[in-house]
Amino acid sequence: MSKRRIFNKRITITAILLLTFSLILYAFTRPTLVFLAYFITIFYIVWGLYHILLTVRGVGPIFSPHLPPSRFPKVSVIVPAMNEPILPRTIEVIVNHVSYPSSLKEVVVVTDDPLGERISIFMQQKYPNNVKAIARRAFYPTKPSALNDALALCSGEVVGIVDVEDIPDLDAFQKAVAALVNHGYDAVQAILRINNEEDSWITRVFAYEYAGWFRIWLNGRARLGLYTPLGGTGNYFWKTGARYVGGWDSLNVAEDAELAVRMTVSGMKIGVIDARHWEEAPVTFKKWLRQRTRWYRGWLQSLWKYLTFLWSPSLMRRIGPVRLFSILIMLFSPIVVLLNWVSFALTGLWVLELYGFAPPLLSGVFPTWAILPVFLNIVFISAWLLGGWLERVKTPWWHVILPMLFYSYVMMPLASLRAIYQEIAKPVIWEKTEHPGRGVVGFAAEPASQSLAAAAIQVLEVEEAMEYEEWPFEYLTPRTKIPEKAAIAIWSVILALDILFIWILLSNPNTLPAILG
């Protein structure tokens with residue numbers, strides 16, 4: 001079937017669904033609104049309680065494997081690059097700064113452009129024992145396609161993904177290998193941090209979002225043994241494991257999360273480690289929108305791909321209903337984000353009715369407890385703030401709290417809507433994020449890293465002497481954890497206040513109109 005026929009079919013199906021919904025809404029206005037009100041309210045309550053659990057577990061300590069590893073397998077790091085003038089910096093950092101035996105480090109650079117080809121070939125000549133260059137001629141223009149091509153040339157037992165804009169911590173390789181070798185993990189994800197935080201208000205909010213996502217929610221998922229999506233960079237896994245699940249899906253534009261789905265379904269153990277990769281956030285709204293659209297579209301691709309398969313009884317028995325639920329709620333995230341606009345529209349209509357500006361379509365539709373999701377929205381923002389506190393994000397939280405609301409409730413739904421449109425009407429495209437190499441500040445490792453690296457080298461008895469330069473940058477060591485009892489106490493107080501407010505509304509329905517009046 002041709003691409004044109006596929007997309008014509010998708011557009012036709014979408015038009016039929018929208019027309020059907022419009023007819024149902026017109027013919028059964030009040031029952032439809034009642035269903036939407038109850039569905040969205042119940043869904044948000046489940047979503048909020050699930051993420052409270054993730055937050056409570058996520059504020060605990062991150063897994064920090066004991067160093068040095070019991071053995072040192074060869075590590076092949078794939079660096080996908082296209083139109084990246086900062087590529088030499090990334091290769092130099094991996095080869096010369098990240099503490100791992102030099103003879104056991106391999107950088108596989110895969111490029112799709114003439115500039116990257118020239119740079120990678122030059123670096124291969126400069127470091128013939130460490131760098132391999134792949135210059136693709138006939139290729140599918142997506143990152144996962146490039147990763148599959150590079151995987152074939154990786155000679156290491158362990159494979160890592162490092163984006164061009166990344167600066168790994170000095171001890172990142174050792175910690176990743178220790179988790180895989182000593183602790184039985186099949187894949188691990190480092191925490192991603194933003195190093196150009198001060199470039200714009202978007203990068204400042206992005207820094208908090210990343211801290212909340214990686215430090216709190218991914219850590220919480222990993223500690224609970226749930227589906228833990230990999231990031232697009234900073235992940236490390238056994239090469240045999242990647243081959244076992246079939247590598248990356250070349251057509252999926254969020255290849256990291258999709259690969260983690262197959263790893264989870266295959267029973268592999270994915271964890272989050274106390275190591276960091278520093279990378280750039282998009283500075284402008286246009287660049288942010290392109291990147292976030294790509295992420296959301298990739299999650300939707302995985303949702304359509306696995307939705308029927310994930311409900312099979314055999315899979316349910318293999319991974320359990322809780323882990324299955326954790327996969328689905330992650331892949332549904334773009335739709336959840338877009339539902340915010342639906343709930344805001346219903347709430348706005350209710351307010352207009354309250355003051356007599358609209359006919360009473362929603363009168364009595366919302367149960368009083370429908371106010372609960374409003375308070376559960378605190379979960380979303382507080383996870384970012386807690387992550388920022390634990391990771392010592394530099395921007396004070398009171399400088400970003402209002403931009404966070406605009407970011408969460410306007411920009412993210414807009415990106416979700418754009419992703420849905422692209423998935424319905426556009427062929428697969430890779431909207432690349434530009435990386436000018438800004439903000440290379442603050443990357444370093446804990447002071448003990450260099451002595452650990454030296455001890456590891458002695459254990460290995462590597463022939464060549466390895467000397468690591470002093471890192472010219474410093475950053476504040478992240479806080480280790482918030483006690484789980486304290487987190488539970490905080491959320492108990494918040495929920496108690498929610499329940500008190502709801503009880504007041506139930507006992508006196510005129511309370512809210514009085515407050516608004």
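## Ile-78 and its surroundings

Setting aside neighbours within four places in sequence, Ile-78 touches Val-108, Val-110, Leu-147, Ala-150, Leu-151, Cys-154, Val-159, Gly-160, Ile-161, Val-162 and Trp-248. Keep in mind that you're looking at a predicted model here. Ile-78 belongs to strand β1, which covers residues 75-81.

Is Ile-78 buried or exposed? Its relative accessibility comes out at 0%, and because the cut-off for buried is under 20%, Ile-78 counts as buried. Glu-106 is worth a look too: 28 residues separate Ile-78 from Glu-106 in sequence, yet their C-alpha atoms sit 8.5 Å apart in space.

## The chain as a whole

Zooming out, the protein chain has 18 helices and eight strands. Of its 517 residues, 53% are buried. Take the contacts in the chain with a separation of 6 or more: 85% of them are between residues 24 or more positions apart.

## Where α10 meets α12

Now for a helix pair. In general, two packed helices are described by the angle between their axes and the distance between the axes. For helix α10 (residues 285-310) and helix α12 (residues 321-331), the axes come within 9 Å and cross at roughly 145 degrees. The crossing of α10 with α12 is left-handed.

Which residues in α10 and α12 meet? On the α10 side you'll find Trp-299, Ser-302, Leu-303, Leu-307 and Leu-310, while α12 brings Leu-324, Ile-327, Leu-328, Met-330 and Leu-331. Sorted by type, the residues of this contact of α10 with α12 come to nine nonpolar, one polar and no charged.

## Aromatic rings

There's plenty to see if you colour the aromatics: a search of the whole structure turns up 25 aromatic pairs. One of them is Trp-213 with Trp-217, an edge-to-face pair with 6.5 Å from centre to centre and 80 degrees between the planes. Both tryptophans lie in helix α7 (residues 201-224), where Trp-213 and Trp-217 are four residues apart, or about one turn of the helix. Trp-217 has a relative accessible area of 4%, so it counts as buried.

That pair is also part of a wider group. Trp-47, Trp-213, Trp-217, Phe-285, Trp-288, Tyr-296, Trp-299, Phe-380, Trp-384 and Tyr-407 form one aromatic cluster. Trp-299 turns up twice in this report, as it is also among the α10 residues that meet α12. Elsewhere, a lysine is placed over a ring: Lys-269 lies over the face of Tyr-185, at 4.3 Å from the ring centre.

## Backbone oddities in the loops

A few loop residues deserve a click. Between Leu-67 and Pro-68 the peptide bond is cis, with omega near -5 degrees. Pro-68 is found in the loop between α2 (29-58) and β1, and β1 is the strand that holds Ile-78.

On the other side of β1, in the loop between that strand and α3 (87-96), is Asn-83. Asn-83 isn't a glycine, but it has a positive phi of about 55 degrees. Its relative accessible area is 48%, so Asn-83 is partly exposed.

Arg-392 is another non-glycine residue with a positive phi, in this case about 60 degrees. You'll find Arg-392 in the loop between α14 (372-390) and α15 (401-425). With 30% relative accessibility, Arg-392 counts as partly exposed.

Methods. Residues numbered from 1 in each chain as written. Predicted model: local features only at pLDDT ≥ 70, side-chain atom pairs only at ≥ 80, totals over all residues. Heavy atoms only, no water. Axes fitted to C-alpha atoms, helices over the stretch in contact; angles between N-to-C directions. Helix = DSSP H or I, 4+ residues; strand = E, 2+ residues; numbered from the N terminus. Left-handed = near helix turned anticlockwise from the far one by under 90°. Contact = heavy atoms within 4.5 Å. Nonpolar A, V, L, I, M, F, W, Y, C, P; charged D, E, K, R; others polar. Phe/Tyr/Trp six-rings, centres within 6.5 Å; stacked < 30°, edge-to-face > 60°. Buried < 20%, exposed > 50% of the residue type's maximum accessible area, 1.4 Å probe, protein only. Lys NZ or Arg CZ within 6 Å of the ring centre and 35° of its normal.
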